[in-house]
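Trainee: Could we go through this model together? I would like to learn how each label is earned.

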Amino acid sequence: MISKSIRRVTASNLKNYLESNCPLVSVVIPTYNSSRTLLQCLESIRDQTYNHIETIVVDRFSEDETERIARKFHATFVRKGPERSGQKNYGALVAKGRSR
């Protein structure tokens, strides 16, 4: 006999489970004219076995295809500059994942 406590898995149930039991991992990527390397970076993040990940691209006013590539992967895209340390700090402020 199957226990009544077993619930049918739905997208809503899974989302609630992930939010309460699996931490959200925030990946902050500072960029500046990074179109040559960003695609491979985002593909690697997408291909992880752990899926509760948010990707934040913090761009220093690139003039190449960096923004287009980031948006193609549905990454959060924000502009901040001029220093890389400031970009990383700003990405941490935007991130939804939190340290425990």
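Trainee: Leaving aside neighbours within four places in sequence, which residues is Ser34 in contact with, and what makes these contacts?

Mentor: This is a predicted model, and in it Ser34 is in contact with Ser62, Asp64 and Thr66. Contact means heavy atoms within 4.5 Å, so each of these residues meets that cut-off with Ser34.

Trainee: Where does Ser34 lie?

Mentor: Ser34 sits in the loop between β1 and α2.

Trainee: Why is Ser34 called buried?

Mentor: Its relative accessibility is 15%. Buried means under 20%, so Ser34 counts as buried.

Trainee: What makes strand β2 largely enclosed by the rest of the structure?

Mentor: Strand β2 covers residues 53-59, and 6 of its 7 residues are buried, so the rest of the structure largely encloses it.

Trainee: How do you know that β1 and β2 pair?

Mentor: Pairing needs at least two bridges, and β1 (residues 25-31) and β2 have 7, so they pair, in the parallel sense. As one example, Val28 has Ile56 in β2 as its bridge partner.

Trainee: What is the path of the chain from β1 to β2, and which hand does the crossover have?

Mentor: The chain passes through helix α2 (residues 35-46), and this β-α-β crossover is right-handed.

Trainee: What makes β2 and β3 a pair?

Mentor: They are joined by 4 bridges, and at least two are needed, so β2 and β3 (residues 76-79) pair; they run parallel. Asp59 has Arg79 in β3 as its bridge partner. From β2 the chain crosses through helix α3 (residues 66-72) to β3, and this β-α-β crossover is right-handed.

Note on methods:
Residues numbered from 1 in each chain as written. Predicted model: local features only at pLDDT ≥ 70, side-chain atom pairs only at ≥ 80, totals over all residues. Heavy atoms only, no water. Buried < 20%, exposed > 50% of the residue type's maximum accessible area, 1.4 Å probe, protein only. Right-handed = clockwise from strand over helix to strand, strands pointing away.
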